[in-house]
Amino acid sequence: MDFEPKWIAWEITRRCNLNCVHCRSSSSLEATGHPDFSLDEAKRVLDDIKSYASPVVVLSGGEPLLRPDVFDIAAYGTGLGLRMCLATNGTLVTEEICGKIKEAGIKMVSLSLDGSTAAVHDNFRNQPGAFDGTMNAIRLFNQHGIKFLVNSSFTQRNKEEAPKLYELVKKLGATAWYLFMIVPTGRGEEIMEELIPASEYENILNWHYDMEKEEHELLVRPTCAPQYYRIVLQRAKEDGEKFKRRTLQFSTGGSKGCLAGQLICLIDVDGNILPCSYFPKAAGNIREQRFQEIWEQSKLFLELRDFKSYKDNCGRCEYVNVCGGCRARAYAISGDYLAQEPFCAYHSRGVDFYERQ
Ligand code: SF4
Ligand code: SF4
């Protein structure tokens, strides 16, 4: 596996107009102690990245549309030849914003939708009117020919919604739908008891497999459910089928389940480089070191790329190279990011067993 940065999420502000229960950065309208950086600094970061690699860069937050210069940042990245994307909660999207998204050369916008009705979504997002805001954004994106994808997060609270959300997102004209099970970090830690247990997680991923096999238009993939890569291999073998995966667009998914610090990373508003959006441990800081140096030399990233050092079930697992388990969940639950994935129901018979066959 070549460990090149392919996808970088960039928290360009920690401020947000919503207050979602599962927010990884615990964002709110005031982000005391974590101010936005300047446009000049943003340009320096993009220059630094571009001097080394050509990843997709997703302007994220908080809510990136709260920054008045968000489109200056996007246009600068586009000018450098980077594929710039925007992750928004959708509530601030207007006709004028759509014009600016196009002008800045933004290739894809991602939105979140966690319920097929206002009641479920607004409850999850802690904000009456959030569902209508997202629907309004989708209407505007369709009108302006702006490509969008939808991310849906699930906990015990809304797990029944997965099939309904899939149908809705398909009807709404999205390019892709990415199902996501909450990783307990940021405000997510407070909803530990709401997390979906391993056995049910397995059922949902099996449902997804059956759905994905029949789906030929909408791009679908569970994100940050690395064990899906194991389930696909197991199910295809059981069913005696060849399962041809389609290429995803602007997603973190790809060749392997967990890609944290391997093909993807997050730059937070303070310049810290983290393995992914849900992994609260920094590999270095872009204000102090070049991006390339952090990417290639940080101890944390080198450890995450050494699959042989993974422990317990993941360490013994014959699927470790295609799955890898969620390192952020391992860290959140046990404090050891090399420990076994706590939400995987699979107990491997061990690599040795397979080597002997
Ligand atoms: S550690 Fe890997 S699977 Fe877990 S949230 Fe990060 S990228 Fe996703
Ligand atoms: S044990 Fe770990 S590596 Fe194996 S399938 Fe489960 S999460 Fe993936």
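**Helix H4, the sheet and the two ligands**

User: What covers the buried residues of H4?

Analyst: Helix H5 (130–144) is included in what covers the buried residues of H4. Please keep in mind that this is a predicted model.

User: Which residues in helix H4 are called buried, and what makes them so?

Analyst: They are His-121, Phe-124 and Arg-125, in a helix that spans residues 118–125. The word buried asks for 20 or more other C-beta atoms within 10 Å of a residue's own. His-121, Phe-124 and Arg-125 are classed as buried, so each of them reaches that count.

User: How do you know that the buried residues of H4 line one face of the helix?

Analyst: Looking down the axis of H4, you find its buried residues within an arc of 90°, and therefore they line one face. The general rule helps here: an α-helix has 3.6 residues a turn, so residues three or four places apart point the same way.

User: What follows H4?

Analyst: Asn-126 comes after H4, and its phi is positive, near 60°.

User: Why is strand S5 described as largely enclosed by the rest of the structure?

Analyst: Strand S5 covers residues 148–154, and six of its seven residues are buried, so the rest of the structure largely encloses it.

User: What makes S5 a partner of S4 and of S6?

Analyst: Two strands pair if there are at least two bridges between them. Strand S4 (residues 108–112) is joined to S5 by four bridges, and S5 and S6 have six, so both cases meet the cut-off. S4 and S5 run parallel, and the pairing of S5 with S6 is parallel as well. You can find the registers in the structure: Val-109 is opposite Phe-148, Asn-151 is opposite Tyr-178, and Ser-152 is opposite Leu-179.

User: Why are S7 and S10 called edge strands?

Analyst: Strand S7 (219–223) and strand S10 (284–285) each pair on one side only. They belong to an open sheet of 10 strands with mixed pairing, in the order S7-S6-S5-S4-S3-S2-S1-S8-S9-S10.

User: Which residues touch the most other members of the largest nonpolar core?

Analyst: Leu-59 and Val-109 do, in a core of 100 residues. Strand S6 (residues 176–181) gives the largest share of this core, five residues. Setting aside neighbours within four places in sequence, Val-109 has contacts that include Ile-101, Phe-141, Ile-146 and Phe-148. A contact calls for C-beta atoms within 7 Å, so each of those pairs lies within that distance.

User: How do the residues of the shell around ligand 1 divide?

Analyst: Of these, 11 are nonpolar, none is polar and two are charged. In total 13 residues surround ligand 1, and the closest are Cys-224, Cys-258, Cys-276, Cys-326 and Ala-328. Cys and Ala both count as nonpolar, so those closest residues fall in the nonpolar group.

User: What about ligand 2: which residues are the closest?

Analyst: Here 16 residues surround the ligand, and Cys-314, Cys-317, Cys-323, Gly-325 and Cys-344 are the closest. Helix H8 (227–239) and helix H11 (312–316) are the elements that give two or more residues to this shell. Eight residues of the shell around ligand 2 are nonpolar, six polar and two charged. Gly counts as polar, so Gly-325 belongs with the polar group.

Notes: Residues are numbered from 1 along each chain as its sequence is written. Chains are lettered from A and ligands numbered from 1 in the order in which they are written. This is a predicted model: local features need pLDDT of at least 70, side-chain atom pairs count only at pLDDT 80 or more; totals for chains, interfaces and linings use all residues. A residue is buried if 20 or more other C-beta atoms lie within 10 Å of its own, exposed if 12 or fewer, and partly exposed in between; C-beta atoms are placed from the backbone. The arc is that of the directions from the helix axis to the C-beta atoms. Two residues are in contact if their C-beta atoms, placed from the backbone, lie within 7 Å. A residue is near a molecule or strand if its C-beta atom, placed from the backbone, lies within 6 Å of it. A nonpolar core is a set of buried Ala, Val, Leu, Ile, Met, Phe, Trp, Tyr and Cys residues joined through C-beta atoms within 7 Å.
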